[in-house]
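Student: I have a new structure open and would like to learn how to read its hollows and its packed interior. Could you walk me through them?

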Amino acid sequence: KEWEEGAKFRTSRPGNLLIDSKGVLHAFVFEPFDVKTNDSWGKILHYWFPKSSSGDIKKYEKEIVVDNDGKLETANIRVGAAIGSDDTMAISFGLTKFNPLYKEQSEHIYFKKPNEEKWNHTYTDGLPHDYYYPFTLVSGNTFYLLPVQDDYNGPGTSGQPYPNIYQKILFMQVNNGQWKQEMIADLSNHQLAKTRPRLLEQEDLYEDKDGNIHIIYKEFLDPENAFAATVHWHVSGTPGNWKSEPIKLDKNGANWVRLVEVGNKLYYLVTTFGEVFISPIDNINLIKINLPDDIKNNYPYIST
């Protein structure tokens, strides 16, 4: 079967897709208020396709999740999205300290079920850093976020245009409007921190069948190559009770490590520039997946 073209939306960033238990496709799209003036100030729209389970990806309905009047940043351009087993949909994002509606930097979650009319909103502010691009997870009445520090401070004395970013990864837990946070990784005191803007990046946030949380992140600590991931870490357990260990891959050049669960068993999905491998997490044995010869530069999005 050939690929079928679906609906098109006006946006300045890639959107997020979710599918509920009835097979209805949901799309969350950042729409800029005035793309010529500023493509990162805009609103978040929710589109859904009532007949998508039967193959119709053109007819949709829509609503505004977060509005914008072009005078203030009300949502970040990059949004995390997730759906729970009870169809609770959630989107999350961070906002800079320059928004006077909140105290310093803030983190936000909007959530509801498909049959509910109003979006719920919970947030925490007063954060010491901008924490953006949150991986998002819905587990019952609890939301989990995994954002990375991304402060904009302007040109620094080190010569880097964006000093002091991507050096901390924060884990956030939200239940009944109560926010808790734990620092998963902090490399701000590393010897490379003053001369390199990115030292780490989060890769995955996952909950297995037993209710254990899994966090994957990577470090960039090669003194010669700022873009080479040196170590991928697997953090697992429950909030406040984590076990952290390096993922011992017998493969150089691994860019991304993600998790998939098949038959109640967890696997690592590992990508390099143009290659994809899969392995059980408890006994690492990388098995290469056959791909077309012209595939390069993988950034994996996975659904199981």
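**Pockets, a cavity and cores**

Tutor: Gladly! This is a predicted model, and we can start with its second largest pocket, which has a volume of about 450 Å³. Of the 22 residues lining this pocket, Tyr132, Tyr133, Asp150, Asp151 and Tyr152 are the closest to its centre.

Student: Which strands each supply at least two residues of the lining of the second largest pocket?

Tutor: Strand E3 (38–49), E9 and strand E11 (165–175) do. By residue type, the lining of the second largest pocket divides into 10 nonpolar, 6 polar and 6 charged.

Student: How many residues line the largest pocket, and which lie nearest its centre?

Tutor: Its lining has 46 residues, and Ala81, Thr136, Arg258, Tyr301 and Ile302 lie nearest the centre. Strands E1 (16–19), E5 (80–83), E9 (131–139), E13 (200–207) and E17 (256–262) are the elements that give two or more residues to this lining. E9 provides the largest share, 7 residues. The space in the largest pocket is about 1900 Å³, and its lining divides into 23 nonpolar, 12 polar and 11 charged residues.

Student: What about closed spaces: how many cavities of 30 Å³ or more does a search of the whole structure find?

Tutor: The general idea is that a probe fits inside a cavity but cannot get out, whereas a pocket is open. Here the search finds 1 cavity of 30 Å³ or more, with about 50 Å³ of space in it. Pro14, Gly15, Asn16, Phe28, Val29, Phe30, Ile44, Ile77 and Val79 line this cavity. Strand E2 (residues 25–34) gives the most to that lining, with 3 residues. The lining residues comprise 7 nonpolar, 2 polar and no charged.

Student: And the packed interior? Which residues of the largest nonpolar core touch the most other members?

Tutor: In soluble globular proteins, nonpolar side chains tend to be buried together. In this model, the largest nonpolar core has 21 residues, and those touching the most other members are Leu146, Ile169, Phe171, Ile184, Leu205, Ile213 and Ile215. The elements giving two or more residues to this core are E9, strand E10 (142–150), E11, strand E12 (178–186), E13 and strand E14 (213–219). E11 gives the most, with 4 residues.

Student: What does Phe171 touch, not counting residues up to four places away in sequence?

Tutor: Its contacts include Leu146, Ile184, Leu205, Ile213 and Ile215, along with Lys180, Glu182, Pro239 and Trp242. Apart from the largest core lies another core, of 16 residues, among them Leu18, Phe30, Val65 and Trp119. You have met Phe30 already, in the lining of the largest cavity.

Key:
Residues numbered from 1 in each chain as written. Predicted model: local features only at pLDDT ≥ 70, side-chain atom pairs only at ≥ 80, totals over all residues. Heavy atoms only, no water. 1 Å grid on protein atoms, 1.4 Å probe; cavity = no way out; pocket = protein on both sides within 12 Å on 5 of 7 lines; lining within 4 Å. Points joined across faces, edges and corners; volume = space filled by probe spheres on them. Nonpolar A, V, L, I, M, F, W, Y, C, P; charged D, E, K, R; others polar. Core = buried A, V, L, I, M, F, W, Y, C linked by side-chain atoms within 4.5 Å. Buried < 20%, exposed > 50% of the residue type's maximum accessible area, 1.4 Å probe, protein only. Contact = heavy atoms within 4.5 Å.
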